[in-house]
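Me: Hi! I'd like to chat through this structure with you. Can I show it to you here?

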Amino acid sequence: MNLQFLKLAVLGIAVGGALAIGVYTFVYAKGYSYLSNDPGNCANCHIMNEQFDGWQKGSHKNVATCNDCHTPHDTVGKYMTKASNGFWHSYYFTTNTFHEPIQLTERSRQITEESCRHCHQNMVDAITVSLDKKHTDEVSCLRCHRSVGHLH
Amino acid sequence: MENEENTVSKKAPAKSRLYGGKVVVSVAFLAFAAAILGLGLLTNILERKNEAKNPFFRVVELTDDTTDPEVWGKNFPLQYDGYKKTVDQVRTRFGGSEAVHKTPKDSDPRSMVAQSRLEEDPRLKTMWDGYAFAVDFREERGHAFMLEDQMFTERQNVVKQPGSCINCHASAYAAYKKLGGGDIVAGFQALNKLPYFEAKKEISHPVACIDCHDSQTMALRITRPAFMDGIKAYKASQGIQNYDVNRDATRQEMRSYVCGQFHVEYYFKGADKQLTYPWEKGLKVENIMAYYDEVKHKDWSHKQTGAEVLKAQHPEFEMFNQGIHSRAGVSCADCHMPYKREGAMKISDHHVRSPLLNISQSCQTCHSTSEAELKFRAEAIQERTFNMRNIAMDALVQLIDDLRKAKERGATDEDLAAARDFQRKAQFYLDFVEAENSMGFHAPAEAVRILGESVKFTRQGQLSLKNGKTLLATAAAH
């Protein structure tokens with residue numbers, strides 16, 4: 001009985017402690033803020049400061065936030081992308097193993113490209129031949145309008 | 001029976017208790033591991049937050065008289081670390097310095113120097129014949145060597161160098177203040193007048209923190225009176241009167257100007273050897289040539305031809321100003337001291353070097369293409385410039401040869417005057433590209449244009465000799 005109690009107590013302390021540290025770290029690092037749409041939060045980990053500054057002075061500031069261009073426009077896709085980006089960003093920043101200056105991954109580039117087309121559909125419908133990937137790559141919005149969101 | 005039942009009923013709970021114990025231990029172990037990882041992450045986040053909060057810690061008080069970079073380095077260890085790394089000797093395809101062993105002598109204690117440009121290209125000796133540069137001219141090494149390489153070059157033994165040379169190779173700000181009694185312009189003028197080794201006594205470090213930064217605000221500032229005057233004269237030529245560089249320049253302009261204090265074309269004006277930047281008419285090569293023609297400046301008389309010629313120094317600032325990067329608002333520091341990350345902090349890299357050794361930070365900030373592609377583009381520009389430079393160099397050597405032969409045949413100064421003037425021009429134009437560190441990259445089209453002009457002058461020089469010879473022959477027949 002006493003041994004049983006001791007074991008449960010140890011388990012309780014361990015799990016409780018780990019949970020407490022986990023929750024505290026999450027709150028301290030403002031982890032919850034990443035669920036929102038506020039671009040200020042994307043600069044939490046300091047890497048995105050320049051992009052954030054650039055966006056504030058950019059032409060898209062009044063109409064689009066980070067998420068509008070860098071996550072898909074459906075809810076599931078959006079949070080899947082946020083989770084994946086969030087995990088990898090924290091991983092690379094914590095371990096300090098990332099390319100500087102930071103670069104868009106191919107997947108992110110595609111998401112961003114689709115976002116341009118999402119909002120500017122009326123415009124690009126008249127330009128693109130078809131939605132076939134081969135054709136959309138040929139006429140890439142980002143190739144010429146790379147700095148509309150933020151410079152670099 | 002009862003006993004048996006008891007044994008069975010006792011056995012079963014014992015098994016499950018044991019199983020339960022294992023689960024408890026494993027879960028507890030995992031929880032511990034998670035807690036340790038969690039703490040590790042927490043500490044990392046805490047560190048990063050603090051790094052982002054405090055860009056530096058003041059551990060010593062810096063004043064306007066703190067010359068020693070090591071003292072500045074106590075407050076700015078990351079920048080200082082970079083500054084110290086300029087001892088690196090790394091080659092690039094068309095530049096950079098290769099470490100060459102050398103036996104130390106009493107007069108020159110260096111055991112390592114850079115490769116000799118004169119050995120690489122003996123045509124340079126012909127171009128500079130009669131001048132100290134034809135004796136010893138090596139590839140420039142990193143900033144760490146600027147002072148000792150100047151002190152121990154063979155050129156010091158061939159000519160008496162003036163104190164003016166110190167301006168760009170040493171931390172002279174404190175010396176200006178001391179010699180001028182607080183007035184840096186008066187101190188600057190006094191330093192220029194001294195012989196080199198007298199001036200050397202006034203200084204103790206190569207160009208250091210205080211030569212570019214204000215000790216109180218860390219703001220960039222110009223400390224070289226020659227640049228203040230030069231840029232003022234240049235701005236006046238552009239219609240901007242009374243330009244005070246420390247008052248009127250933008251922050252981004254200062255990120256080029258602090259380098260432009262040193263990396264420029266210059267000459268020593270008058271008997272007092274006052275360091276002067278020839279920008280009154282503009283920064284382009286013809287503006288500078290016109291200025292020198294007007295003030296009738298010559299660096300020396302060419303040994304083989306007697307032409308009054310010029311040695312272009314290292315007009316990086318002037319050349320860069322004719323290029324596309326300058327036009328786009330890029331500064332020297334953007335490529336040669338790009339921002340780098342140290343944890344959550346971002347500092348400018350004080351390991352000043354060729355951008356080709358750091359393509360990701362220097363180029364990819366703006367150019368979103370691979371490092372290999374960017375290197376290819378840069379080297380393609382350099383290779384074209386190098387080929388054109390060789391054409392111009394061969395042409396110049398031919399003109400010098402023709403001039404020498406004409407002189408030997410007994411042509412008079414009058415006969416040779418035009419050809420000598422063309423040599424002066426062709427040589428200065430060629431040297432403007434040759435002496436400029438970037439092999440054309442700072443302004444590709446301008447570099448090739450200048451070399452084209454140089455070839456034009458050479459051919460005109462040869463033509464004038466040919467016509468002169470015809471005239472002589474005609475005169476003899478009569």
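Me: Is R404(B) buried, partly exposed or exposed?
Reply: R404(B) counts as partly exposed, because its relative accessibility is 24%. For these words, buried means under 20% relative accessible area, exposed means over 50%, and partly exposed is in between (1.4 Å probe, protein chains only). Bear in mind that this is a predicted model, where local features need pLDDT of at least 70, side-chain atom pairs count only at pLDDT 80 or more, and totals for chains, interfaces and linings use all residues. Side-chain values use heavy atoms, leaving out hydrogens and water.

Me: Which residue forms a salt bridge with R404(B)?
Reply: That's D401(B), with the closest N and O atoms 2.4 Å apart. A salt bridge here is a side-chain nitrogen of Lys or Arg within 4 Å of a carboxyl oxygen of Asp or Glu. D401(B) is partly exposed, since its relative accessible area is 25%.

Me: Where do D401(B) and R404(B) lie?
Reply: Both lie in helix 20 (residues 371-408) of chain B, three residues apart, which is about one turn of the helix. Helices (H or I, at least four residues) are DSSP runs, numbered from the N terminus.

Me: What about K340(B), which residue does it form a salt bridge with?
Reply: K340(B) forms one with E342(B), and the closest N and O atoms are 3.3 Å apart. K340(B) counts as buried because its relative accessibility is 17%, while E342(B) counts as partly exposed because its value is 27%.

Me: How many salt bridges does the structure hold over all chains?
Reply: There are 47 over all chains. One of them joins R123(B) to D121(B), with the closest N and O atoms 2.9 Å apart. R123(B) and D121(B) are both buried. They also belong to a network of salt bridges that includes R91(B), E98(B) and E434(B).

Me: Switching topic: how many salt bridges are there between chain B and chain A?
Reply: The count is two. R341(B) forms a salt bridge with E100(A), and the closest N and O atoms are 2.6 Å apart. On the side of chain B that touches chain A, helix 1 (2-53) and helix 19 (359-362) of chain B each supply at least two residues. Helix 1 gives the most, with 19 residues.

Me: And how many residues are in contact there?
Reply: 30 residues of chain B are in contact with 25 residues of chain A, where contact means heavy atoms within 4.5 Å.

How values were computed. Residues numbered from 1 in each chain as written. Chains lettered and ligands numbered in written order.
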